[in-house]
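Here is my note on the structure you sent over. Please have the sequence and the model open as you go through it.

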Amino acid sequence: MANKSLNVLLVDDEIEMLDLYEEKISKLATRHNVFTARMGNEACELCKKQPIDVAFVDYQMPKMNGIETGSYLLGQNPDMILYMLTAYDQHIEEAFNAGFCDYLLKPVSDRQLNTALTWAQLLVDKEKCIR
């Protein structure tokens, strides 16, 4: 059975980080569709129009932080797989309590991204088989 291509969302207010991780994910997993948003509210609007399977969300952003953004996204799609992608390690418990699957500290290596995408793929494929 072929794996479903994933719709991957990157949310970070730093354009350099968005570009870097978009490039990394596009190289690691060429079959996936990568979407970007610079702020939490932009991510929330995008998810109303586009089904997202997995999101990598920065913690420190203006208006809506990563926890608030992730909570909203999970409210719209409880099956979405969320990863906190941040330079700060003091919000780990808060992220897990909000429904994030993992907490990746920047800079994130290709290996860490590949592992996160592999787990997301397994979870999405398993969910599709159950339905």
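The points below run from the overall fold to single residues.

1. **Status of the model.** This is a predicted model. Please read every value below as computed from that prediction.

2. **Fold.** The protein has five helices and five strands. In what order do the elements run from the N terminus? The order is β-α-β-α-β-α-β-α-β-α. The chain therefore begins with a strand and ends with a helix, as DSSP runs are counted here.

3. **Overall size.** The radius of gyration is 13 Å. A compact globule of 131 residues would come out near 14 Å, so the protein agrees with that expectation. Along the principal axes, the C-alpha atoms fill a box of roughly 40 × 30 × 30 Å.

4. **Packing and contacts.** Of the 131 residues, 44% are buried. Take the contacts between residues at least 6 apart in sequence: 66% of these join residues at least 24 apart.

5. **Surface and charge.** About 7,000 Å² of the protein is exposed. Carbon and sulfur atoms supply 51% of that area. There are 13 positive and 20 negative charges, and their mean positions lie 7 Å apart.

6. **Cysteines.** How many disulfides does the whole structure hold? The search finds zero. Cys44 is in no disulfide, and its nearest cysteine sulfur, that of Cys47, is 6.9 Å away. Cys47 is likewise in no disulfide, with the sulfur of Cys44 as its nearest, at 6.9 Å. A disulfide would need the two sulfur atoms within 2.5 Å, so this pair does not count as one. Are these cysteines buried or exposed? Cys44 is buried, because its relative accessible area is 6% and the cut-off is under 20%. Cys47 also counts as buried, at 15%.

7. **Asn77 and Cys47.** Asn77 sits in the loop between helix H3 (66-76) and strand S4 (81-86). Its relative accessible area is 24%, so Asn77 is partly exposed. Asn77 and Cys47 are 30 residues apart in sequence. Their C-alpha atoms are 8.6 Å apart in space.

8. **A cis peptide bond.** Please look at the bond joining Lys106 and Pro107. The bond is cis, with omega at about 0°. Pro107 lies in the loop between strand S5 (102-105) and helix H5 (110-130).

9. **A positive phi.** Lys63 has phi near 70°, a positive value in a residue other than glycine. Where is Lys63 found? It is in the loop between strand S3 (54-57) and H3. Lys63 counts as exposed, because its relative accessibility is 70% and the cut-off is over 50%.

10. **Val8.** Val8 belongs to strand S1 (residues 7-11). Its relative accessible area is 0%, so Val8 is buried. Which residues does Val8 touch, leaving aside those up to four places away in sequence? The list is Ile25, His32, Asn33, Val34, Phe35, Val54, Phe56 and Leu117. Of these, Val54 and Phe56 fall within strand S3 (54-57), and Leu117 falls within helix H5 (110-130). Trp119 is 111 residues from Val8 along the chain, and the C-alpha atoms of the two are separated by 13 Å.

Technical notes:
Residues are numbered from 1 along each chain as its sequence is written. This is a predicted model: local features need pLDDT of at least 70, side-chain atom pairs count only at pLDDT 80 or more; totals for chains, interfaces and linings use all residues. Side-chain values use heavy atoms; hydrogens and water are left out. Helices (H or I, at least four residues) and strands (E, at least two) are DSSP runs, numbered from the N terminus. The radius of gyration is taken over C-alpha atoms; the globule rule is 2.2 Å times the number of residues to the power 0.38. Buried means under 20% relative accessible area, exposed over 50%, partly exposed in between (1.4 Å probe, protein chains only). Contact means heavy atoms within 4.5 Å. Accessible areas come from the Shrake-Rupley method with a 1.4 Å probe; for residues, only the protein chains shown count as cover. Lys and Arg count as positive and Asp and Glu as negative; His and the chain ends are not counted. The place of a charge is taken as NZ of Lys, CZ of Arg, CG of Asp or CD of Glu.
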